[in-house]
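Biologist: I am new to this structure and would like a close look at a single part of it. Please take me through that part step by step, and say how far the model can be trusted there.

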Amino acid sequence: MASTLVDVRSRLSAPARLPSFRLLWLGQSLSLLGDGFSYIAFSWITLGLTGSALSLGYVLACQAVPRALLTLVGGSLSDKWSSRTLMTLSSWVRAGLMAGVGLAGLAGSLTVWMLCCAAAAFGAVDAFFQPARASILPSVVDKELLAPANALLGVAAKVSSVLGPAVGGMVVAFSNAPVAFLVDGVCFALCGLCVSGIRPPSRPGADGADGADGADGNAGAAAALSLGARIRAGLRYAFEDPRIRTILAVDAAVTFCQAGPFTVGFATLAKVDLQGGSATLGLLNGALAGGAMLGTLVGGALNSRPRIGLLIAALAGWLAIGTGLLGLVGNTAGALATVLAMGFGMGFQGVFGLSWIQRTIDGSVLSRVISVDLVIGYAVAPLSLIVCGALAGSGTGPMFAVSAVVLAVTGIGILSSRTVREMR
């Protein structure tokens with residue numbers, strides 16, 4: 001038993017022994033912490049200026065739309081240039097934007113239109129950061145360390161996503177919203193500093209290019225393609241491979257069955273079915289996050305390479321069962337146990353799924369494939385919110401039932417393809 005625990009600890013800590021991975025881990029954590037800060041700061045200062053939820057919706061939409069529209073561009077540039085460079089520049093530009101908004105707020109000259117412009121610029125710049133963030137890891141650690149490295153990054157992401165809004169709210173509560181923007185700017189500036197220090201490990205046969213670019217130096221004819229041609233090439237690469245299509249389809253289904261059911265659904269479940277309040281809603285979200293972190297750590301600790309096709313089919317089935325149960329449970333304990341188990345499955349599979357993408361896909365198109373996945377998620381999430389919002393009027397049962405059917409059909413579709421079943 002002691003030997004097993006030592007092996008697990010050794011495997012999970014192996015990436016952390018690499019200086020560049022530690023910088024990437026810290027930089028990503030600071031960026032996600034800053035994202036949480038920015039959400040609270042934008043929301044609170046907009047409501048303070050206008051008192052209008054509609055104005056807040058405009059500001060948040062100004063941030064979301066450019067991010068969705070430019071993500072494919074960000075993925076294409078990340079494959080052509082350097083992921084490290086794009087992450088660094090994006091972080092420093094976001095730091096400047098947040099500092100500017102904070103100073104304008106402290107000077108009393110901030111307007112809603114200025115917030116909309118800043119939010120739009122923030123979303124546009126973030127579109128270049130996100131694909132690069134997901135594709136840089138193969139240039140930082142060796143292939144056998146991808147799973148534990150993704151586990152450590154995944155846990156940090158979960159923690160940062162919780163701490164960011166919480167700490168941002170405390171800063172606003174004890175000072176004011178413009179100060180939160182300034183703190184946010186510091187987070188992004190430090191992120192840029194960390195990422196700029198990443199250096200790839202020396203590998204036999206390396207071509208001497210900037211190894212932190214996620215593509216080991218993209219040369220040749222691909223580099224000469226126009227931006228539009230590179231985006232089209234990335235789309236073809238993603239959709240012509242049945243294995244990648246499967247990953248995209250599963251991610252879309254999981255996003256659809258997570259965005260609405262885990263927001264509208266959890267809120268309705270907590271208030272109506274479980275007759276609780278905000279504390280019950282917090283417990284449900286905490287159980288989901290806790291399960292995901294536990295599943296991520298367990299997945300990263302395993303010294304094996306399971307069949308990814310069977311694993312993602314199992315995840316779809318696991319989530320289908322859990323989602324169906326949420327429409328039937330009548331007590332808080334049962335709901336929490338179900339959500340905890342669902343989170344565990346998502347975290348466990350996520351480690352291997354992302355590692356498979358980073359290990360298998362050609363580095364010259366990796367960021368573009370990841371950007372396609374991100375854009376699909378950006379499109380599916382609001383659709384899920386609308387559908388679930390409409391179904392929630394009839395109770396949580398129909399809403400969770402529809403989600404369970406979507407997941408079950410997805411799982412059956414995965415199992416019907418031999419190519420996908422044998423994915424490793």
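**A close look at helix H7**

Modeller: Leu193 is exposed, with a relative accessible area of 55%, and this leucine is found in helix H7, which makes the helix a suitable part to follow here. The model is a predicted one, and the mean pLDDT of the protein chain is 84, with 92% of its residues reaching 70 or more. Leu193 belongs to a nonpolar patch on the surface, which it forms with Leu89, Trp92, Val186 and Leu190, and the accessible area of these residues together is about 490 Å². Two elements, H4 and helix H7 (177–196), each give two or more residues to this patch, and H7 gives the most, with 3 residues. Its partner, helix H4 (residues 83–106), is where confidence in the protein chain is highest, at a mean of 92, whereas helix H1 (residues 2–13) has the lowest, at 66.

The cysteines can be considered next, beginning with the statement that the structure holds 0 disulfides. Cys187 is in no disulfide, and the nearest cysteine sulfur, that of Cys191, lies 9.3 Å away; Cys194 is likewise in no disulfide, with the sulfur of Cys191 again the nearest, at 6.9 Å. Because buried means under 20% relative accessible area, Cys187 counts as buried at 8%, and so does Cys194 at 10%.

One caution concerns residues 204–221, over which pLDDT stays under 50, although the model has 35 contacts beyond four places in sequence for them. Where pLDDT is low, the predicted coordinates should not be read in detail.

Note on methods:
Residues numbered from 1 in each chain as written. Predicted model: local features only at pLDDT ≥ 70, side-chain atom pairs only at ≥ 80, totals over all residues. Heavy atoms only, no water. pLDDT = per-residue confidence, 0-100. Helix = DSSP H or I, 4+ residues; strand = E, 2+ residues; numbered from the N terminus. Contact = heavy atoms within 4.5 Å. Patch = residues over 30% accessible without salt bridge, like charges linked within 9 Å, V, L, I, M, F, W, Y side chains within 5 Å. Areas by Shrake-Rupley, 256 points an atom, 1.4 Å probe, with all protein chains shown as cover. Salt bridge = Lys/Arg side-chain N within 4 Å of Asp/Glu carboxyl O. Buried < 20%, exposed > 50% of the residue type's maximum accessible area, 1.4 Å probe, protein only. Disulfide = S-S within 2.5 Å.
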